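Subject: The model, and some notes on it

Hi there,

Here is the structure I promised to pass on. Please have it open while you read the notes underneath.

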Amino acid sequence: SAYGHCMDAWVEVLIQILAAAALGAAIGFERELSAQPAGLRTHMLVSLGAALFTIAGSNVFGADPARVAAQVVTGIGFLGGGAILREGMSIRGLTTAASLWVSAAIGLGIGLHAYFAAVTTTVLALIVLAAVKWLEEGVLPQRRQMEVTLTLDPEATLSRVESEVAEALPQSRVLRVQYREGGQELVVIARPQVQVSLAAVGERLLALPGVHGVDINR
């Protein structure tokens, strides 16, 4: 009957909405444990919104679900951009922005009845988030980028100072060289260990011949 068909459609929509909320919550819970700016509620709402947009677009006569999906992806870009923060030379929030994007994709998948793909993507996303965090904390060397500006004497030899800086700061590279009236500047990008003292680095560089000023931005 028409009534039974209508009830079945409502039940299916309810299942889709609940599934989108649950899968979004799974990714959001991991982000919440990592103390990220976008956590449980944000990821749930993103997945829910994407699912609802897709469901509503699919039920409109003549609507193209692909166009609806494209609009959702465009919209989520603004939200993801708000999760990205710049702190000195470091950028935080890229992983959270990506997880928001994945949550939107999961909601789209649920709205298009791609349940297996949505669940599989959620599981793989959680594995990636956990594995990458384990690699960063337990396996890969913990380094954080810094920008060092050295003010040099006018008669200082840049090539010699550069080689001495390379010895003092392994894994560094020269970003730019500036010639100013009454002196020179050498700007270097380095990635020392996180626990390295900035004061110790500054004192060591200031002790180099020809260097009379050090500015470190991390």
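Below is what turned up in it, starting with the cores. Please keep in mind that this is a predicted model.

The largest nonpolar core holds 17 residues. Leu150, Leu152, Val161, Val165 and Leu205 have the most contacts inside it. Two strands, E3 (146-152) and E5 (183-190), and two helices, H6 (158-168) and H7 (198-206), each give two or more residues to this core. Val161 is a good place to start looking: leaving aside neighbours within four places in sequence, Val161 is in contact with Leu150, Leu152, Ala156, Leu186, Pro209 and Val211. There is also a second, separate core of nine residues, with Leu23, Ala51, Ile110 and Ala118 among them.

Next, helix H4, which covers residues 94-111. At 1.5 Å a residue, its 18 residues should span 26 Å, and the end C-alpha atoms are indeed 26 Å apart, so the two values agree. The buried residues of H4 include Thr96, Ala97, Ser99 and Leu100, and the run from Ile106 through Gly107, Leu108, Gly109 and Ile110 to Gly111 is buried as well. Just after H4, His113 has a positive phi of about 65°.

Finally, the surface. Val119, Val123, Leu124 and Ile127 make up a nonpolar patch there, and together they have about 340 Å² of accessible area. Val123 belongs to helix H5 (residues 115-139). With a relative accessible area of 44%, Val123 counts as partly exposed, because that class runs between 20% and 50%.

Happy browsing, and best wishes!

Note on methods: Residues are numbered from 1 along each chain as its sequence is written. This is a predicted model: local features need pLDDT of at least 70, side-chain atom pairs count only at pLDDT 80 or more; totals for chains, interfaces and linings use all residues. Side-chain values use heavy atoms; hydrogens and water are left out. A nonpolar core is a set of buried Ala, Val, Leu, Ile, Met, Phe, Trp, Tyr and Cys residues joined through side-chain atoms within 4.5 Å. Buried means under 20% relative accessible area, exposed over 50%, partly exposed in between (1.4 Å probe, protein chains only). Helices (H or I, at least four residues) and strands (E, at least two) are DSSP runs, numbered from the N terminus. Contact means heavy atoms within 4.5 Å. The expected span of a helix is 1.5 Å times one less than its number of residues. Patches are made of residues with over 30% relative accessible area and no salt bridge: like charges are joined within 9 Å, nonpolar side chains (Val, Leu, Ile, Met, Phe, Trp, Tyr) within 5 Å. Accessible areas come from the Shrake-Rupley method with a 1.4 Å probe; for residues, only the protein chains shown count as cover. A salt bridge is a side-chain nitrogen of Lys or Arg within 4 Å of a carboxyl oxygen of Asp or Glu.
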